[in-house]
Amino acid sequence: MPRDLLAEKTLQSMPTLEKAEDLSPAPMSLFRKPTLLEDRFKKLADLRPYSLLLNRDDADDCDWLEHAAFDANEAASREKIEYRLRTCGELCTGIFTSAYATCSGSVSSLVKARKFPSVDSMASDRKRILIGHIIATKSKSPIVTDDSMAFPSDWRTKYQLGPSTGHDEEGETVCLHSLCVHPDFHQRGLGGVLLRGWSQRIRDSGMAKRIALICRERLVGWYEKNGFKKVGPSKCQYGGGDWVDMVMDFESAGEYEDC
Ligand SMILES: CC(C)(COP(=O)(O)OP(=O)(O)OC[C@H]1O[C@@H](n2cnc3c(N)ncnc32)[C@H](O)[C@@H]1OP(=O)(O)O)[C@@H](O)C(=O)NCCC(=O)NCCS
């Protein structure tokens, strides 16, 4: 026979039920740092930037951007840019935005400043604006040298796979010679986005064992933040010298794993 709990007053003597403290872990966020993602989205929403490989048709735009971003003694010449884009455009990347000449906002003065090519679409008035680029070559040297920064004087008439200056197709080091963002768009994360995306592509495609570059001391921390290690003072005399060698070595521990 079942017990009469009410008659026994068992229920009244029991402690009242309380909601137990919830010890289960908080649901995992889809993104590790949602505020950073939100910040980046806001910073770049007006630009909607996108990346493309560069080729010789981009030489004029790269020349314009290079001279807008670098001091005159550091900027590569138009011919050097064209040499690099024609010889190894697959190592070079641009970051672009697009706009109509009638637009307002941060791109409006730029889109009117010069003749940009049309975006590849039905709207020929919509222009493709280069706002950042990376231009690189390959070298057999593990660090950037003055020879790797130069180019053969006869490059237009005599193609060489492994010349003593300029791009060496058999080199194992990708030398980053020029990374810049148009001054109107600095401090919005574009340089970092460009550099990290490009480095990842070079690394994962297996086209080199490392990336090397030279930079001014003030940018060492920025490159370190983006995966490079400081090697020490560079011997390069380009642009008056006083450069620092930086390297991202894909073979060093933990930096190259098969996925
Ligand atoms: C260098 C350059 C490409 C950076 O582009 P950018 O789009 O302005 O850079 P990002 O916005 O991605 O990075 C800026 C961030 O790095 C930080 N930063 C800048 N210098 C730094 C340093 N030395 N150490 C650590 N962080 C640094 C900034 O504080 C900023 O941080 P925040 O985003 O939290 O505010 C750009 O300044 C440029 O084109 N300069 C002229 C050409 C040049 O000198 N190129 C380098 C050749 S070696």
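## Ligand surroundings

The ligand has 21 residues around it, and the closest are Leu 179, Gln 187, Gly 189, Gly 191 and Arg 218. The model is a predicted one. The largest pocket is the space that the ligand takes.

Four elements each supply at least two residues of the shell around the ligand: strand S4 (173–181), helix H7 (190–205), strand S5 (210–215) and helix H8 (220–225). Among the contributors to this shell, H8 gives the most, with four residues.

## Polar atoms at the ligand

Oxygen atoms of the ligand lie at short listed distances from polar atoms of Val 181, His 186 and Trp 222. For Val 181, the polar atom belongs to the backbone, and its distance from a ligand oxygen is 2.9 Å. For His 186, a polar atom of the side chain is 3.3 Å from an oxygen atom of the ligand. For Trp 222, an N or O atom in the side chain is 2.9 Å from a ligand oxygen.

On its own, the ligand has 970 Å² of accessible area, and the protein covers 71% of this.

## Ser 139

Ser 139 belongs to strand S3, which covers residues 126–139. Is this residue buried or exposed? Ser 139 is buried, because its relative accessible area is 8%, and the cut-off for buried is under 20%.

The side chain of Ser 139 makes a polar contact with the backbone nitrogen of Ser 141, at a distance of 3.0 Å. Leaving aside residues up to four places away in sequence, Ser 139 touches Ser 148, Asp 168, Gly 171, Glu 172, Thr 173 and Cys 175.

## The protein as a whole

The protein has 259 residues, and 41% of them count as buried. Its secondary structure consists of eight helices and seven strands. Among contacts in the protein with a separation of 6 or more, 72% are between residues 24 or more positions apart.

The protein has an accessible surface of about 15700 Å². Carbon and sulfur atoms account for 54% of that surface.

Conventions: Residues numbered from 1 in each chain as written. Predicted model: local features only at pLDDT ≥ 70, side-chain atom pairs only at ≥ 80, totals over all residues. Heavy atoms only, no water. Buried < 20%, exposed > 50% of the residue type's maximum accessible area, 1.4 Å probe, protein only. Polar contact = N/O pair within 3.5 Å; in protein donor to acceptor, adjacent residues only side chain to side chain. Contact = heavy atoms within 4.5 Å. Near = heavy atom within 4 Å. Areas by Shrake-Rupley, 256 points an atom, 1.4 Å probe, with all protein chains shown as cover. 1 Å grid on protein atoms, 1.4 Å probe; cavity = no way out; pocket = protein on both sides within 12 Å on 5 of 7 lines; lining within 4 Å. Sits in = over half its atoms within 2 Å of the grid points.
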